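Open your viewer and get ready to select residues by number. Each stop on this tour says what to pick and what you will find there.

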Amino acid sequence: MKFTSKEAKRSRSSANPRPTIDLIESLRPLALRSEREARGQFLVEGLRVAYLALETDCLETLLYAPRPDSRIHELVRKCRAAGVRCLEVADHFLLQLACGEDPQGFIGVAKRRPLSLEAAGVQTGVWVALESVQKPGNLGSILRTAEAAGAQGIIAIGAQIDFFEPTVVRASMGAFFAQKLVRASWKEVEAFKMRHDLTWFGTSPEASVPYLTPHYPRDFWLWMGDERKGLTERVLETCDERISIPMHGRVDSLNLGVATGVVLFGARRGS
């Protein structure tokens, strides 16, 4: 629930510590994935991320410390003007919730849930499809790269990938709120491909076709695999074309976020 500007101004809780402590305690469980998914809520840190959460109407509450920082004051002003609940709390309360060492004087509570394939419109545009991602920071990097390359969003297969892990949100540098986030089962995406005649490209180090060789259509999915194991055979067999990134020098692989960026920007060049 959002508040009017006048109500938001009256919502400072520093004068009464009990409501503040109760609120912090209610937010602590958001460190757990099960709680984030059950509530559809997660925490955000960083100015860029907070402003994008506000612009996309995802920000519900802003907790801020009384620091002499004009950037925080401006953020609070804009949040109140938008009807977002703003609560002034002591710095040590923020540290109890923060993902990093310094939450920069504020933490936001945002609300968002993944979309279905149909709701997201994944039959048009460029999409990055992921079976699994070992490191949350890599997923954040992929979101940032996908936004920079003009992709529409990320499709997560199954329940393994956690979109709302704090490191993911922070590492995306705000792209988290600009990209569409989709979750579906393998059965759903396989049926969706057949129904809409989608074009899929799958990356594999064993593929003989370099990523710059194909002609990329306007609408396609780029499948990226696990950092260690790559894509499963069921995905590769369903892809229309398997592509690889030629390696030179003494390395035989790239970070998953870097590899995604290389192929996406290569696809733009070759489309």
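From which domains does the lining of the largest cavity draw at least three residues? Domain 1 (21-111) and domain 2 (126-268) each supply at least three. Keep in mind that this is a predicted model.

**Stop 1: the two domains**

Colour 21-111 and 126-268 separately. These ranges are domain 1 and domain 2 in the domain assignment of the chain. Their C-alpha centres lie 30 Å apart. The contact between them takes 18 residues from domain 1 and 16 residues from domain 2.

**Stop 2: the largest cavity**

Now select L43, V44, E45, C99, P166, V169 and R170, which line the largest cavity. The space inside is about 30 Å³. Counting cavities of 30 Å³ or more gives one. Two elements, β1 and α9 (166-171), give two or more residues to the lining of this cavity. Show α9 as a ribbon: α9 gives the most, with three residues. By type, the lining of the largest cavity has five nonpolar residues, no polar ones and two charged ones.

**Stop 3: the second largest pocket**

Keep L43 and P166 on screen and add L30, A31 and L97. Of the 14 residues that line the second largest pocket, these five are the closest to its centre. This pocket holds about 160 Å³ of space. Which elements each supply at least two residues of its lining? They are β1 (41-44) and α6 (91-97). The lining of the second largest pocket divides into ten nonpolar residues, one polar and three charged.

**Stop 4: the largest pocket**

Next, select T203, S204, P205, G230 and S253. They are the closest to the centre of the largest pocket, out of 23 residues that line it. About 530 Å³ of space lies in this pocket. Its lining is made up of ten nonpolar, seven polar and six charged residues.

**Stop 5: the largest nonpolar core**

Clear the view and show the side chains of L130, F176 and F177. The largest nonpolar core has 52 residues, and these three touch the most other members. Where does this core lie? Domain 1 (21-111) and domain 2 (126-268) both give residues to the core, so it lies between them. A general point helps here. In soluble globular proteins, nonpolar side chains tend to be buried together.

Zoom in on L130. Leave aside its neighbours within four places in sequence. L130 is then in contact with L139, I142, I154, I155, A156, I157, I161 and M224. Apart from this core lies another, of 20 residues. Pick out V122, A129, W200 and W223, which are among its members.

**Stop 6: two loop residues**

Finish with two residues in loops. First select Q104, in the loop between α6 and β4 (106-111). Q104 is not a glycine, yet its phi is positive, at about 65°. Is Q104 buried, partly exposed or exposed? Q104 has a relative accessible area of 32%, so it is partly exposed.

Then move to D197, in the loop between α11 (186-196) and β8 (200-203). D197 is likewise a residue other than glycine with a positive phi, near 55°. Is D197 buried or exposed? The relative accessible area of D197 is 67%, so D197 is exposed.

Methods: Residues numbered from 1 in each chain as written. Predicted model: local features only at pLDDT ≥ 70, side-chain atom pairs only at ≥ 80, totals over all residues. Heavy atoms only, no water. Core = buried A, V, L, I, M, F, W, Y, C linked by side-chain atoms within 4.5 Å. Buried < 20%, exposed > 50% of the residue type's maximum accessible area, 1.4 Å probe, protein only. Domains from an automatic or database assignment. Contact = heavy atoms within 4.5 Å. 1 Å grid on protein atoms, 1.4 Å probe; cavity = no way out; pocket = protein on both sides within 12 Å on 5 of 7 lines; lining within 4 Å. Points joined across faces, edges and corners; volume = space filled by probe spheres on them. Nonpolar A, V, L, I, M, F, W, Y, C, P; charged D, E, K, R; others polar. Helix = DSSP H or I, 4+ residues; strand = E, 2+ residues; numbered from the N terminus.
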